[in-house]
Amino acid sequence: MEEQDKIIKRLKFFNKILSYVLVAAVASAVTWFFYPDPEVQPQSKLSQLQQIIETRFIGEIDPVLMQDVAAQGMVASLGDPWSYYISAADYNAYEEQSMNAYVGIGVTVILREDNKGFDVTKVEPDSGAEAAGLQPGDIISLVEGQPVAELGMDEAKNQIRGEEHTFVTLTILRGEASMEVEVERKTIRMIVARGQMLEGNIGLVTIENFDTRCYDETIAAIEQLLADGAQSLIFDVRNNPGGYKSELVKVLDYLLPEGDLFRSLDYQGKESVDTSDDKCLEMPMAVLMNGESYSAAEFFAAALEEYDWAITVGEQTCGKGYFQRTYRLNDGSAVGLSVGKYFTPKGVSLADEGGLTPKIPVEVDEATAAAIYADSLDPMKDPQVLAAMEALTKQ
């Protein structure tokens with residue numbers, strides 16, 4: 001019996017050793033299967049997926065489009081409405097826009113809900129579109145004989161763009177009429193700020209954006225109005241999408257007395273404060289704003305209000321309190337990433353507040369809002385301008 005027990009113990013020991021050997025062999029086999037070369041590092045999920053698609057997908061592949069869509073998805077995953085991706089094909093147009101000059105036909109358009117064309121919302125002065133007779137309210141249905149619905153928004157815009165002094169053929173719908181027009185592509189130098197004298201020696205200064213040349217053109221408009229006898233000023237930043245902090249700060253420095261103008265906090269926790277000197281422009285002022293007043297436009301109105309330097313009139317602003325930096329990528333594309341927060345001189349975050357609420361709220365209907373956007377409404381028929389004029393007259 002003892003001999004039999006010894007044999008059983010030896011068999012168990014042997015089986016135990018054999019199981020260890022088999023487990024080790026299987027583990028080695030699995031490791032070798034996933035990492036055949038010890039020098040190769042594991043790929044990221046996106047790289048691995050791209051490799052599988054490129055080597056296994058049976059259909060046609062557009063590698064540039066695939067990467068653009070993936071990049072857009074990564075930025076969209078942040079859930080931040082102010083961060084954005086710019087494809088390499090769109091980057092030049094993006095730069096042109098910030099420079100307030102571009103080659104084009106000189107229209108602002110939006111894609112119709114039925115995708116069958118572009119609604120023309122604005123026509124730039126001295127542009128090819130103006131020379132060809134285009135008007136706000138027109139519909140661009142065909143570009144070079146091809147339906148906008150088939151081209152898609154991006155390709156239709158690419159077809160409209162082109163070299164300076166070349167022409168593009170557009171089919172325009174105006175009411176029941178359809179017409180074909182040849183439109184010249186020109187260098188469009190956008191007017192950033194302009195002045196207009198209203199009744200009662202009230203100067204109206206319209207600021208389109210705070211990009212390149214904003215300070216120079218805004219101050220020139222103000223000083224011309226002062227020379228013409230303006231006794232008070234209305235600043236119109238409705239539909240102003242914002243722009244460069246540097247341009248905003250220079251305009252505020254010209255207007256406001258000594259003190260803080262603007263605060264920012266970046267992703268590293270670094271705070272910076274821009275300040276004004278003691279030179280200022282002291283006279284009754286008002287600021288017009290609406291739901292399409294973004295970023296620098298909102299902070300312009302907020303700073304003047306916090307100093308009790310101007311009355312705000314119109315509608316609640318957007319509430320964009322983040323600032324972005326543009327990072328160029330290897331293939332010529334770029335990402336505009338929110339990297340910090342902006343604050344008013346008193347340290348208020350307009351993002352947290354949901355925008356700036358006007359001291360004098362004045363709502364307008366859709367037709368009036370569209371006319372304001374297209375710059376086609378006489379200021380003396382503009383309810384928000386009239387409310388600002390009344391407030392200034394009472395001062």
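The following exercises, each with a worked solution, concern the strands, helices and selected residues of a predicted model.

In this predicted model, local features need pLDDT of at least 70, side-chain atom pairs count only at pLDDT 80 or more, and totals for chains, interfaces and linings use all residues. Residues are numbered from 1 along each chain as its sequence is written, and side-chain values use heavy atoms, with hydrogens and water left out.

**Exercise 1. The open sheet**

Determine the strand order of the open sheet of six strands, and identify its edge strands.

Solution. Begin with the terms: helices (H or I, at least four residues) and strands (E, at least two) are DSSP runs, numbered from the N terminus. Two strands pair if DSSP finds at least two bridges between them. Reading across the sheet then gives β10-β11-β12-β15-β16-β19, with mixed pairing. The edges are β10 (193-198) and β19 (360-361), each of which pairs on one side only. Within the sheet, β12 (residues 232-236) and β15 (residues 285-289) are parallel partners over four bridges; L233 has M285 of β15 as its bridge partner. Finally, helix α8 (residues 214-227) lies across β10, β11 (202-207) and β12, at about 170 degrees to β11.

**Exercise 2. Two helix pairs**

Classify the packing of α2 with α3 and of α9 with α10.

Solution. Axes are lines fitted to C-alpha atoms, for helices over the stretch in contact, and angles run from 0 to 180 degrees between N-to-C directions. Angles under 35 degrees count as roughly parallel, over 145 as roughly antiparallel, 65 to 115 as roughly perpendicular and the rest as oblique.

1. Helices α2 (residues 45-56) and α3 (residues 63-76) pack at about 150 degrees, with axes 12 Å apart. The pair is therefore roughly antiparallel. The contact (heavy atoms within 4.5 Å) involves L46, Q50, I53 and E54 of α2 and M66, Q67 and M74 of α3.
2. For α9 (residues 245-255) and α10 (residues 296-306), the angle is about 20 degrees and the axes are 10 Å apart. These helices are therefore roughly parallel. Here L248, V251, L252 and L255 of α9 meet A296, F299, F300, A303 and L304 of α10.

**Exercise 3. Following T171 across β7**

Which residues stand opposite T171 of β7 in β5 and in β8?

Solution. On one side, β5 (residues 139-143) pairs with β7 (residues 167-174) in the antiparallel sense over four bridges, and L142 stands opposite T171. Next, β7 pairs with β8 (residues 177-184), also antiparallel, over eight bridges; in β8, E180 is the bridge partner of T171. The strands β7 and β8 form a hairpin with two residues between them, and G175 in the turn has a positive phi of about 65 degrees.

**Exercise 4. Positive phi and burial**

Are N100 and R213 buried or exposed?

Solution. Buried means under 20% relative accessible area, exposed over 50%, and partly exposed in between (1.4 Å probe, protein chains only).

1. N100 lies in the loop between α4 (88-98) and β2 (101-104), and its positive phi is near 60 degrees. N100 counts as buried because its relative accessibility is 0%.
2. R213 is placed in the loop between β11 and α8, with a positive phi near 80 degrees. At 12% relative accessibility, R213 is likewise buried.

**Exercise 5. Cysteines**

State how many disulfides the structure holds, and classify C214 and C318 by accessibility.

Solution. A disulfide is a pair of cysteine sulfur atoms within 2.5 Å; the structure holds zero. C214 counts as buried because its relative accessibility is 0%, whereas C318, at 25%, counts as partly exposed.
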